Amino acid sequence: MTETLQGAVEFFARGGFFMLLLLLLSVIAGTVMLLRAYALREVLIIPKDLENLVVDLQPGDSLELVANRVEQSKTPLGRVLSVSLQHLNWPRQENLEAVQVRARHEVVRMESGLALLEVTTGVAPLLGLLGTLSGLVGILANLGGGGGGDPVAVAQGISEALNTTIVGLAVAAPSLVAHNYFQRKIEIMAVAMEGLVADLQSKCYAETP
């Protein structure tokens with residue numbers, strides 16, 4: 001275990017300055033992934049009890065129970081439904097437009113942090129490439145000197161180049177997967193919220209010509 005840990009430390013230490021940037025980027029990206037994974041749980045976006053209230057509601061039923069639950073809910077679905085309920089005296093099309101505006105705000109909130117994962121996907125390989133070039137420059141500078149170059153310096157340059165390339169790709173790949181996964185999950189939940197709002201409005205405006 002000690003040898004493995006020591007080998008890992010040496011692996012990252014040989015990467016130089018660019019390795020430090022990659023490690024910092026990996027910590028930030030990992031933190032964003034954990035926070036988004038927690039915040040984008042379906043129970044926090046579309047509570048099952050609130051969904052069931054909307055589904056079970058029948059045209060002409062009292063909206064008091066739904067309104068009370070919506071008022072208590074601090075979820076994106078609750079806030080979107082709240083806008084619809086507050087503007088039931090408006091024409092249906094205007095109500096829908098108000099809901100769509102609120103829904104866009106909620107989607108933006110859910111996408112918070114995803115831009116950082118997208119940036120990481122592009123920046124991490126570039127940092128790895130910079131580390132590679134830095135290592136190659138060191139190798140060429142050493143070989144260009146007298147005596148045919150220091151083998152230790154050459155080995156360190158090659159190690160820096162390879163290590164940063166590996167870590168850059170290792171940071172970018174999970175970030176790309178996580179970004180696409182969260183983006184798709186948000187799209188699915190946004191469609192589900194849209195369907196519930198449309199269902200509620202169709203029941204509330206059932207008697208509207």
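# Exercises on a predicted helical model

The axes of α5 and α6 lie 8 Å apart, and the two helices pack at an angle of about 135°. The structure is a predicted model, and the exercises below start from this pair.

**Exercise 1.** Classify the packing of α5 against α6 by angle and by handedness, then describe the residues that meet.

Step 1. The angle is about 135°. Angles over 145 degrees count as roughly antiparallel, and 65 to 115 as roughly perpendicular, with the rest oblique. α5 is therefore oblique to α6.

Step 2. α5 and α6 form a left-handed crossing.

Step 3. On the α5 side the residues are Val66, Ala67 and Val70; on the α6 side they are Gly78, Leu81, Ser82 and Leu85. Sorted by class, the contact of α5 with α6 has 5 nonpolar and 2 polar residues, and no charged ones.

**Exercise 2.** Do the same for α6 and α7, and state which class of residue supplies 4 members of the contact.

Step 1. Helix α6 covers residues 76-86 and helix α7 covers residues 92-110; their axes come within 8 Å and cross at roughly 160°. The limit for roughly antiparallel is over 145 degrees, and α6 and α7 are therefore roughly antiparallel to each other.

Step 2. The crossing of α6 past α7 is right-handed.

Step 3. From α6, the contact uses Pro76, Arg79, Val80, Val83 and Ser84. From α7, it uses Asn95, Ala98, Val99, Arg102, Ala103, Glu106 and Arg109.

Step 4. The class with 4 members is the charged one; beside it stand 6 nonpolar and 2 polar residues in the contact of α6 with α7.

**Exercise 3.** Outline the protein chain: which elements does it have, and what percentage of its residues is buried?

Step 1. The protein chain has 9 helices and 0 strands. Along the sequence this reads α-α-α-α-α-α-α-α-α.

Step 2. Of the 209 residues in the protein chain, 33% are buried.

Step 3. Among contacts in the protein chain with a separation of 6 or more, 78% join residues 24 or more positions apart.

**Exercise 4.** Find the residues that touch the most other members of the largest nonpolar core, and state which helix gives this core its largest share.

Step 1. The largest nonpolar core has 28 residues, and Ile46, Leu77, Leu81 and Leu117 touch the most other members.

Step 2. At least two residues of this core come from each of α2 (16-39), α4 (48-56), α5 (64-72), α6, α7, α8 (114-144) and α9 (151-204). The largest share, 8 residues, comes from α9.

Step 3. Take leucine 117 as an example. Leaving aside neighbours within four places in sequence, leucine 117 is in contact with Ala29, Val32, Met33, Ser175, Ala178, His179 and Phe182.

Step 4. Another core, of 9 residues, lies apart from the largest one; Phe18, Leu22, Leu25 and Ala172 are among its members.

**Exercise 5.** Decide whether phenylalanine 18 and leucine 162 are buried or exposed, and place each in the chain.

Step 1. Phenylalanine 18 is in helix α2. Its relative accessible area is 17%, and the limit for buried is under 20%, so phenylalanine 18 is buried.

Step 2. Beyond its neighbours within four places in sequence, phenylalanine 18 is in contact with Leu127, Leu130, Gly131, Ser134 and Thr164. Phenylalanine 18 and threonine 164 are 146 residues apart in sequence, while their C-alpha atoms are 7.0 Å apart.

Step 3. Leucine 162 belongs to helix α9. Its relative accessibility is 51%, and exposed means over 50%, so leucine 162 counts as exposed.

Step 4. Leucine 162 and glycine 135 are 27 residues apart in sequence and 8.4 Å apart, C-alpha to C-alpha.

How values were computed. Residues numbered from 1 in each chain as written. Predicted model: local features only at pLDDT ≥ 70, side-chain atom pairs only at ≥ 80, totals over all residues. Heavy atoms only, no water. Axes fitted to C-alpha atoms, helices over the stretch in contact; angles between N-to-C directions. Helix = DSSP H or I, 4+ residues; strand = E, 2+ residues; numbered from the N terminus. Parallel < 35°, antiparallel > 145°, perpendicular 65-115°, else oblique. Left-handed = near helix turned anticlockwise from the far one by under 90°. Contact = heavy atoms within 4.5 Å. Nonpolar A, V, L, I, M, F, W, Y, C, P; charged D, E, K, R; others polar. Core = buried A, V, L, I, M, F, W, Y, C linked by side-chain atoms within 4.5 Å. Buried < 20%, exposed > 50% of the residue type's maximum accessible area, 1.4 Å probe, protein only.
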